[in-house]
Structure formats: structure tokens, C-alpha cells
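Hello,

Here is the structure I promised to pass on to you. Please open it first, and then read my notes below alongside it.

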Amino acid sequence: MERPEITNKLTAIFRKVFCNDSLVLSNDLSAHDVEQWDSLSHMLLITEIENEFVIKFKLKDLNKMRNVGDMIDIISLKTDC
Amino acid sequence: MVFTSFNFLIFFPLLVVIYYITPVRFRWLTLLVASYFFYLNIKPVFALFVLGVTISTYIFTRLIDQTNVESRKKSFMLLNIFLILLPLFFFKYFSHINAGIFSLLESIHIRWPLPALKLIFPIGISFYTFVAIGYTIDVYNEEIKSEKNIGILALFLSFFPLILSGPIERAKNMLPQFYSLKIIDYSIIVEGLKLMLWGYFMKLVVADRVGLYVDTILNNVSQHNGTTLLFASFLYPIQVYADLGGYSLIAIGTAKILGINVMQNFKRPFFATSMSEFWHRWHISLISWLTDYVYTPLSFALRKYGIWGIVTALMITFLISGVWHGAALTFIAWGFLQGLFLSIEALTNKKRAKFEKKHNLGKNGLYIFIEIFFTFILFAASQIFGRAGNITDALTIYKKIFTTAGSKLFIADVGILVFALLGIFILLLNDFMCEYFPHVKLLRNKNKYIRFFSLLLLLMYIISFGVFDSGQFIYFKY
């Protein structure tokens, strides 16, 4: 799946999970930048992403996700498999 | 030898001199020798446990790295975790399990004398065991390569500023630093000294002085009324903050003087506006460890259950946190309450966010104050269990608070209480300024005269009002 498509879908998911319609994603966006993005909401985010892209993350994938850019890279790899 | 002992005040300056005249490539060895010397001075036999944990962790992490078979990697990881937890379980929980088995046998009229061992708890074992477990899991998850030099690993696990009560550090942060112990400049040494000085203020002036009053009350629950118990219950969380927070700052400052950066462990916790935020500010190293190695894998495994998976993971994580403190029912109750508070917050998060947005409460000073106060009340309420000697005492405190409030406050020594409250005021004022007016500085002011006189005043205050004979740090018993 191409990055722009992933980014669009991810944007919709982030806005839904964090109840923020004005949220704009960038590659270096991380939990430090988004209010309410903590370890509790992170897992809700992961579940929504798995459902939307029909993929399954491994625990090791989560450890590699430092920002949205890393997230897109991992999703891209999994949707291309 | 502990941070507040006279021996440490001789040991540390001597070590700094030896450290800086040691050639750079051997400095890690100086620190290793110093760390074991420091720990041996507590009790020589304790060093056997940290040595055992080091050897086991070294062997199994090297094996994890050298095999390509996933199932074997997992087995090595689990085996090491099991082996290094054994001493911790034995020392922390043996006597409770023993007593439990004994009661159970007695209840069915079997009198079978079980061996009762008088065990001396190795100080720091809860902390370095968690450090070793975290390192093992990081190697298994390929976040870090296993350390080839057993001496460097031994230093990581026994590093004397951290070994007794943390912060619980990570290999990714510490191991590279041990390989680059370069010459540092005067300003970093001064910064380290400032951290230590504030840490000594927190411990000697606030924690130990507040403790003189709080211990009198909470060690004699039956003798005191609801008002006094309520007052002591409000003071106790501040005592713990000053004690462990003070210890952490001394540890961080000590490490800084040696050129090593250690993570922050407290971040003005009593200005948190929710329990979730509180746990990002209180004992940060323990909670981030539990988040990374317990909560995240659990909540990930339970993610198909949505918010209820998160709630389950929270409850289990904080029950483990409670049990980490001790096997008594009071700690389990404490852990249960933390999990409960956070679960309620997780379940009501969206509704609260909508409510705050609708009424524009985000920057409302009164609303923020109410949130801060309510969060403190919740934590203080849970700490009644954390402090009480047993469940009966904890429930007695609650009962008296609700039935005999409004009665006369017990003061005992007015001087102790006045100086305790003054110390608390200075501590919380400092935190308030750092939280809301971070540009206003005294110890780090641009003007050298303000810096100098602030430091001098602080030092004189510690010497004048510090309690120098009160004994151990609270977290030595965990």
C-alpha cells in the first residue's frame, strides 16, 4: 500500500481515537506531541489500525514504533506482504 | 554506608579524585571496584546475590544472542528471569508463604513445625533484579546486543549510586555511557552537586523531620483520633516523596559528577491533574519499567477486548507493583486501588475530555486546582494501605477519619511540626515555581551572587534543620 493512502487512513484513525478533527500527522509526530496519547490510548490505536489495514502486529513491532513515520513504515511492510 | 552517612562523605570525594586520575579506558573498572566496595560495606554477603544475578544474566543473554532458534531464545530468557527472581521471592515472600502454610495446617489441626528462617533482606535486590530482567528482555527483543564484557555488565547491575533504591535504569542508556567516560567540565560537576544538595534537603530536612511526627501517629493508630490520623495521612505521601525523591536526586547528582546521566525519577508529582498523569510523575523509573515489561505485553495480548483488555492489564500491572513493594495484604490493597483509579479514568476519559472542552475548563485555574487536590486525595487515601502495618490498622484509620474527624489535633513537639511544615512549604513552593514559572531560578540563576547566596542558604538550612540520626531511606525495605 502506498504511503499517502496509509497516511490518509491513519489520520482518520488518529482523529477518531483522540477525538480531535484537526489533528494532522507528520512523520516525526509522537506521543509527546499529542495530548491523551499515552500507553492506555496507544493500545486502542493499535487495535483500530489492525482492523483498518487487516494486519497483525507483533510485540516487537510496537517496540520499534517511536513516531508516526515508523508506524507507516511498519504498516507499509505488512500490507505489502 | 548510605548517602546520608559520614562514611559516604569521605568515600565519594576520594572516589572522585581516584576516578579522574584513572586513565579513561580503565575508569569503568574504578567504578566497578567502588560499587562493590560500597555494597560490601552494607553487608558483605549481599554482594553474592548481585554477583549471582550478574553471572546468570551474562550467560543467558550471550546465549540468546548466539542462537538463531526463536524457541531457544525464549527459553533462555525465561530461564534467566526465573533464576534471578528466585532470591527475590525467597527473601521477600518466604516468611509470608511460610506463615500462610503454617496457618493453613493449624486450621486443620496439623502441627508441623516449618523451618522459620531469620532472613536479612539484601537491600537493593528488588531494584537490581528488575534492572537485570529488563536487560534480558531487551536482548531477547533485539533492542540491544548482549554485553560481551562481563565487567561492564557487572558495573551496570551494581552501579553504586543506583543499586540501593534506583532509579531503575535501562541498558540502552547506561551501557554506552560506561564505554565513553570522558573528561567532563566544571559546570557538570557543579550541576551534580546542586542535585545532591537539593536531594539532601528533601531527605534530611523534609522527609526525616516529617517522619518524626508521622511515625509517632501512624505507628500508634489506636492512640489517635480521626483528625490526627487524617493530618498524618496527608503528610505521609509528602514524606515518601521527599525520601525517595531526595534519594533519587542524590543518586542522579552522584552519577552526574562521574559523567553519567541517569533518568529523572520524580517530576513534581503533586501537581498532577489526574492519576494517569500522577503515574508519569511519581517513581517514573519503576512505572516505565512496569509499563514496558508488564503492561504493554499484557494489554497487547488482551487488545481484542478493547477498553476492558486495558482495564485488566492495568489491574494486573498495579497488583504486581503492590506485590513488588511487599507480600502483605496492605500492599495488594494499595496496588488494587491504583489499578482501580486508573481503570475508572480510562473508562471515563472521553466523557471527561468532552466535558472539559464544552465548558472550556482546560486552562481554568480553579478547575486545575480542584483536579490537583482531588488527585492528591486519591493518592493519600491509597497510601494509608501502603503505610499501615496491617489491614486492621488501615481500616481503623479509615473508620476513625470518618467517625472522629473534628476532634483535637495531636501535636506532640511543636518545634518538630513547625519545621516539618516549613520544609514542606519550601519543597512544594520550589515544585510550584518549577511547574508554572520555570524561568525563575535561584540555584541556576544567571547572576552568580544570587546562585552563591542561594546555595549557601540551602546548605546552612540543611545543617541547621536536617535530621542526621533518623536512619534508613524508606525504600530500602522494598
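A residue is called buried if 20 or more other C-beta atoms lie within 10 Å of its own, exposed if 12 or fewer, and partly exposed in between, with C-beta atoms placed from the backbone. By that rule, buried residues make up 20% of the 81 residues in chain A.

Some bookkeeping before the rest. This is a predicted model, in which local features need pLDDT of at least 70 and side-chain atom pairs count only at pLDDT 80 or more, while totals for chains, interfaces and linings use all residues. Residues are numbered from 1 along each chain as its sequence is written, and chains are lettered from A and ligands numbered from 1 in the order in which they are written.

On confidence, the model scores ipTM 0.88 and pTM 0.89. Chain B averages a pLDDT (the predictor's confidence in each residue, from 0 to 100) of 89, and 92% of its residues score at least 70. Among the elements of chain B, helix H6 (residues 150-158) has the highest mean pLDDT, 96, and H4(B) the lowest, 82.

Chain A

Chain A has 4 helices and 0 strands; these are DSSP runs numbered from the N terminus, with helices being H or I of at least four residues and strands E of at least two. Its C-alpha atoms fill a box of roughly 35 × 25 × 20 Å along the principal axes. With 81 residues, a compact globule would have a radius of gyration near 12 Å, and chain A agrees, at 12 Å. That radius is taken over C-alpha atoms, and the globule rule is 2.2 Å times the number of residues to the power 0.38.

Where the chains meet

Two residues are in contact if their C-beta atoms, placed from the backbone, lie within 7 Å. On this basis, 15 residues of chain B are in contact with 12 residues of chain A. Helix H12 (284-301) and helix H14 (329-358) of chain B each supply at least two residues of the side that touches chain A, and the largest share, 6 residues, comes from H12(B).

Inside chain B

The domain assignment (bounds come from an automatic or database assignment) gives chain B domain 1 (6-183) and domain 2 (187-477). Their C-alpha centres lie 26 Å apart. In chain B, 25 residues of domain 1 are in contact with 24 residues of domain 2. H5(B) gives the most to the domain 1 side, with 5 residues.

Helix H13 (residues 307-325) of chain B has 19 residues, which at 1.5 Å a residue should span 27 Å, and its end C-alpha atoms are indeed 27 Å apart. The expected span is 1.5 Å times one less than the number of residues. The buried residues of H13(B) include Ile310(B), Leu314(B), Phe318(B) and Trp324(B). What covers the buried residues of H13(B) includes helix H2 (39-53) of chain A, together with helix H5 (125-140), H12 and H14 of chain B.

One residue to look up is Phe341(B), which sits in helix H14 of chain B. Phe341(B) is buried because 22 other C-beta atoms lie within 10 Å. Leaving aside its neighbours within four places in sequence, Phe341(B) is in contact with Met275(B) and Leu378(B). The C-alpha atoms of Phe341(B) and Gly386(B), 45 residues apart along the chain, are separated by 15 Å.

Best wishes
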